Amino acid sequence: MITLPEFLSVALILGASLFLAWLTAPYLVRVYKRVPGRLDRVLNPVEKGVYKLAGVDEEHRMGWKEYFLAGLCVNIVQMVIAYLILVFQGSLPLNPQGFPGLSWDLAFNTVISFGTNTNLQHYAGEVTLSYLSQMTAIQFLQFTSAATGICMGVAMVRGFIVGSKDMGNFYVDFVRTLTRILIPFCLVAAVVLVALGVPQTLSGYTTVTTVEGASRSILVGPVASLVSIMQLGTNGGGYYGANAAYPFMNPSPLSDVFEIGLMLLLPTALIFVFGELLGKKRETRPILIGAYGLFIIDLGIAFIPNAPAVGQGIETRIGGFMSVFWTVVTTAVTTGSVNTTLSAMHPLVILAAFMGMLIQSTPGGKGVGLMYMVMYIVITVFIVGLMSGRTPEYLGIKITSRDVKLVMLAFLIHPIIILIPTVLAYASGAAAAIGVNGAPIGFTQILYEFTSAASNNGSDFLGTAANTPFFNVATAVVIFLGRYGPIAILMALGGSMIGRARTAVSGLRTDSITFSLVLIGSILILVVLTFFPFLVLGPIQSYFQGSVNGFG
Amino acid sequence: METSKRKSNYRPIIVVSLISLIVCGLFFPLLVTGIAQALFPYQANGELRQLDGRNVGSELIAQSFNSSEFFQPRLANESASGVDPDITQADALSQIPGISNATGGRVSVSALTSIVDSNVEGTFWIFGSPYVDVLNLNLILINDYPSVYQNFTG
């Protein structure tokens, strides 16, 4: 159970994040509406220079297909660049530790994982990646995948705006997301992180002679710049294998709270952006209540058992309670960074983590979480329409059978790419080959691996143990389909809204509290019905067997 | 007509990718490095602590202490990182009688208790629970009791 100070600290962090997100949202709206502002004097010449060099026509408008394909192609080219850097890092500069290039399958997994904002890691960065790779493969993809996610989310919303004729211009949105949001925000965050104790240097690992005379390497590098975008961009991939449990990534309770706030900021701000872009602020309500309502249900599940004491798998400065809280937040916003060992977590905490990853909009990753919530709203509107016998409509637009087919297709991608590979991992012997059995704890680890991959989360139990060709290729394929499949379908949904007739809203208003509660209910029923048998074999069975953590 | 249209599509894809590589992958981390080294050199270089002018380790990374005259960090496989630099205040207090004994009583229990209590970190307002940094405590011991710890200086 949760104590009063613990309850207050959670309430304070969530309250502050909501407030800051609400403050940030109008600025984000101005960026995407291209409203002139004070930064233009500095940034306009820079952006225009980029457009000129790239041959981008700023005034060109794109439909959903062109917008999506531009994003997909840019992402693929970026992954190819990062792949080459990882494979040839041994011959490239900024490699003071002299690390060799990565194997093809590990590099393939890593670039797909980071290029899609997933950040599942089958390597430990501190003994694998050169400074150049950490910067120009990892941090680079963390920025660009985060920007792509936000752009797709914003573009889909544009399709729903009354009188809209297009989805915008991907290149313009992408460049402005970097120059006006991610880079300036991350710059401030990175400097704060350094002040809190996160290293930022390029001078190589420092060798010291300890107090008792032993020789020891201190593994410093460009860490703060990575942590800033890893959290703000809900990426989650760490500089070190131990991620935010490693003291250099998260040196104190204060940095812990700061990093939690960073990952909540943009996904929450985009909820407010939704209503403001539409010009119907009240339509933010079901998304906000839905996302945070489900988030609080997840937290409630995770806080039923007592938080672990400082013991196996828990860092002293972070403590058990903040380890549990971080684990729920990082899956609720699909960041995937961890400040603990997942095996130290109670089965109910793992269950809450699964819920976050399976729902994907509590509030989910920035941009994509919003897209999923619109998907759930359309499904719910359809269900409510069936129950009340009225034509389903959202924002005054009639929901057609094609729309329902699209959202159901988007929803069904997940179960297919999570459940089939999980079974394959056992059937092919790949799970046994890395010493994972079919008992509840082992099954949880494999199911978690593919759930994390499909939902582009990135937290995992297996870590470097999964650096085998099967897991590298299987998770890469799942990650790719889990990212671009639903985005393409939901962009198609948004695109198909352009030019549709609007009627005066009749029936159940989607901006009502009643609808918000029905939305929460239908999301829970959909997700629970789909995944329940698998969750029973994993964390739920562990719970009823009396396990208090995953150490066996 | 079709080919010329396609060709013009490659350029933005390639150029935008390359520019974002340079800006996000090089310019940004280098800018942060410059600012960090100028404003917060101690933190930016890993919070290195010194003894007699030499670097003996980072305040954020645990190092082993074999001598029983020192506070002991957690075993490497106990924590999530394997390099947890801290122990709980309660753990530190429980180690005090053993440390005092090992020094032949030259460092008293009450002195050790006050060193631990005055170096507690980790709480701010309602967040966190009290802990102490092991390297920090042991460096204080060496500094305060040079004759007891003379093997480790000079």
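Contact is taken here to mean heavy atoms within 4.5 Å. The structure is a predicted model, and two contacts in it are described below: that between chain B and chain A, and that between the two domains of chain A.

By this criterion, 70 residues of chain B and 71 residues of chain A take part in the contact between the chains. About 5,600 Å² is buried between chain B and chain A, and carbon and sulfur atoms account for 73% of this area. No salt bridge links the two chains, the count being 0. Polar contacts, by comparison, join 23 residue pairs between chain B and chain A, with both residues of each pair at pLDDT 80 or more. On the side of chain B that touches chain A, two or more residues are contributed by each of the helices α1 (2-39), α2 (41-44) and α5 (134-144) of chain B, and by each of the strands β2 (54-58) and β3 (86-88) of chain B. Of these elements, α1(B) provides the largest share of that side, with 25 residues. By class, the residues of chain B that touch chain A comprise 40 nonpolar, 23 polar and 7 charged.

Within chain A, the domain assignment places domain 1 at residues 4-278 and domain 2 at residues 366-544. The C-alpha centres of domain 1 and domain 2 of chain A are 24 Å apart. Domain 1 of chain A brings 52 residues to the contact and domain 2 of chain A brings 44. The two domains of chain A bury about 3,700 Å² between them, 72% of which comes from carbon and sulfur atoms. Three residues, A:His122, A:Met156 and A:Phe160, supply 20% of the area that domain 1 of chain A buries against domain 2 of chain A, and no other three residues supply more.

The count of salt bridges between domain 1 and domain 2 of chain A is 0, whereas 16 residue pairs, both members at pLDDT 80 or more, are in polar contact across this boundary. The helices α3 (64-87), α4 (104-115), α5 (131-160) and α8 (253-278) of chain A each give two or more residues to the side of domain 1 that touches domain 2. The largest share of this side, 12 residues, belongs to α5(A). The side of domain 1 of chain A that touches domain 2 of chain A consists of 30 nonpolar, 19 polar and 3 charged residues.

Note on methods:
Residues numbered from 1 in each chain as written. Chains lettered and ligands numbered in written order. Predicted model: local features only at pLDDT ≥ 70, side-chain atom pairs only at ≥ 80, totals over all residues. Heavy atoms only, no water. Buried area = accessible area lost by both parts, 1.4 Å probe. Salt bridge = Lys/Arg side-chain N within 4 Å of Asp/Glu carboxyl O. Polar contact = N/O pair within 3.5 Å; in protein donor to acceptor, adjacent residues only side chain to side chain. Helix = DSSP H or I, 4+ residues; strand = E, 2+ residues; numbered from the N terminus. Nonpolar A, V, L, I, M, F, W, Y, C, P; charged D, E, K, R; others polar. Domains from an automatic or database assignment.
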